[in-house]
Amino acid sequence: MYCEKILEIRNLNKTFESRRKKNTVFNDFSLEVGKGEFLSLLGPSGCGKSTLLEMIAGFDMDYTGDMIFRGEIIAGTSGERAVVFQKDALFPWLSVFDNIAYGLKIKKMNSEDIKVKVEYVLDKVGLLDFVDHFPEELSGGMKQRVALARVLVMEPEVLLMDEPFGALDSFTRLRMQELMIEIREKFSITVIFVTHDIDEALILSDRIVMMDADNNDKYRELRPVLEKRYKSLTEKMMDEKYLRWKKEIIDWFHLK
Ligand SMILES: Nc1ncnc2c1ncn2[C@@H]1O[C@H](COP(=O)(O)OP(=O)(O)OP(=O)(O)O)[C@@H](O)[C@H]1O
């Protein structure tokens with residue numbers, strides 16, 4: 001389905017070394033991600049999900065193997081690969097508008113264009129009415145939506161999301177998951193999404209990579225794409241196939 005590769009990870013080896021011990025997190029790990037794909041990395045705590053995301057982002061360059069983004073070796077961070085963390089620090093002294101406009105101002109975009117772009121993304125995340133608010137006046141879910149808008153306004157190729165909804169209550173989380181589905185349709189962006197939540201992975205992903213607790217030389221893949229479109233996520237979560245996949249994932253991790 002995704003013919004054009006946007007990211008290739010080939011024979012990745014990653015070890016953390018301290019005076020006390022060596023911890024090999026990736027051992028000859030390879031993975032390809034297609035342009036426009038929504039890929040979730042699912043796995044237990046400590047299996048290396050965040051480490052992998054940091055290497056793709058270019059924050060961590062201490063590994064062997066190849067990380068190739070759009071045909072070129074990743075040499076460091078880039079605006080094309082934007083990261084959204086679990087708790088994104090917005091600038092508390094800036095309004096919602098100025099938080100989102102920040103990166104565009106650094107790029108010296110003119111103020112009219114900035115206004116159009118900021119309002120466009122704010123509309124997409126449903127926060128147009130809060131444009132003049134400050135972060136302290138927003139709920140956790142709203143802050144995460146601003147964080148998402150701040151990244152989207154820069155038009156990255158890939159969104160790297162590290163448990164972006166992990167700190168939210170379950171209702172807000174569900175709304176954010178619905179928003180992610182809409183955002184994908186509107187921005188046709190590639191997403192690599194880290195989560196430990198099986199439902200979240202099943203709801204959002206074209207493909208789930210299930211990572212093992214130790215040495216991710218092998219992983220299991222699942223493509224949970226239902227033929228039918230559902231009116232609500234709850235309806236989707238009741239689908240027979242969905243429940244079967246969920247059981248398969250639980251069994252796989254349980255037997256590991
Ligand atoms: N800076 C570091 N120095 C040493 N070891 C590290 C460092 N960062 C991560 N590790 C180790 O690498 C392994 C993978 O960590 P990582 O944070 O990538 O896991 P994770 O799957 O994202 O976990 P979680 O779901 O809890 O966030 C863990 O064993 C961790 O202790």
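This passage describes the sheets, helices, ligand shell and a few individual residues of a predicted model.

The model is predicted, and local features are reported at pLDDT of at least 70, side-chain atom pairs count only at pLDDT 80 or more, and totals for chains, interfaces and linings use all residues. Residue numbers start from 1 along each chain as its sequence is written. Helices (H or I, at least four residues) and strands (E, at least two) are DSSP runs, numbered from the N terminus.

We may start with the sheets, where two strands pair if DSSP finds at least two bridges between them. One open sheet contains four strands in the order 2-1-4-5, and its pairing is antiparallel. Its edges are strand 2 (22-34) and strand 5 (72-73), each of which pairs on one side only. Ten bridges connect strand 2 to strand 1 (residues 5-17), again in the antiparallel sense. Within this pair, Leu-7 has Val-33 of strand 2 as its bridge partner.

A second open sheet is built from six strands in the order 6-7-8-3-9-10, with mixed pairing. Strand 6 and strand 10 (219-222) stand at its edges with a single partner strand each, so one side of each has no neighbour in the sheet. From one strand to the next, the twist averages 20° (axes are lines fitted to C-alpha atoms, for helices over the stretch in contact, and angles run from 0 to 180 degrees between N-to-C directions). Strand 3 (residues 38-42) and strand 9 (residues 207-211) run parallel and are joined by four bridges; here Leu-39 stands opposite Arg-207 of strand 9. Strand 6 (residues 81-84) likewise pairs in the parallel sense with strand 7 (residues 158-162), over four bridges, and Val-83 finds its bridge partner in Leu-160 of strand 7.

Burial adds a further layer to this picture. A residue is taken as buried if 20 or more other C-beta atoms lie within 10 Å of its own, exposed if 12 or fewer, and partly exposed in between, with C-beta atoms placed from the backbone. Strand 6 is covered on both faces: Arg-81 and Val-83 are buried on one side, and Ala-82 and Val-84 are buried on the other.

Two helices make a handy contrast in burial. Ten of the 13 residues of helix 4 (residues 140-152) are buried, so this helix is largely enclosed by the rest of the structure. Among the buried residues of helix 4 are Lys-143, Arg-145, Leu-148 and Leu-152. Their cover includes strand 6, strand 7, helix 2 (96-106), helix 3 (111-124) and helix 5 (170-187), where contact requires C-beta atoms, placed from the backbone, to lie within 7 Å. In helix 8 (residues 240-255), by comparison, the number buried is one of 16 residues, so helix 8 lies largely in the open. The expected span of a helix is 1.5 Å times one less than its number of residues. Helix 4 has end C-alpha atoms 18 Å apart, which agrees with the 18 Å expected, and helix 8 reaches 22 Å from first C-alpha to last, close to its expected 22 Å. Glu-248 lies in helix 8 and is partly exposed, with 14 other C-beta atoms within 10 Å. Its C-alpha is 24 Å from that of Leu-52, a residue 196 places away in sequence.

The ligand is surrounded by residues whose C-beta atom, placed from the backbone, lies within 6 Å of it; among them are Phe-16, Asn-23, Val-25, Lys-49, Ser-50, Thr-51 and His-196. Strand 2 and helix 1 (49-57) each supply at least two residues of this shell, and helix 1 gives the most, with three. By class, the shell has three nonpolar, eight polar and one charged residues (Ala, Val, Leu, Ile, Met, Phe, Trp, Tyr, Cys and Pro count as nonpolar, Asp, Glu, Lys and Arg as charged, and the others, Gly among them, as polar).

Helix 1 also holds Ile-56, which counts as buried because it has 21 C-beta neighbours inside 10 Å. Leaving out residues up to four places away in sequence, Ile-56 touches Leu-7, Met-67, Arg-81, Leu-160 and Ile-192.

Finally, the backbone deserves a glance. Most residues other than glycine have a negative phi. Asp-28, although not a glycine, has a positive phi of about 60°; Asp-28 is found in strand 2. Glu-163, also not a glycine, has a positive phi of about 40° and sits in the loop between strand 7 and helix 5.

Key. Contact = placed C-beta atoms within 7 Å.
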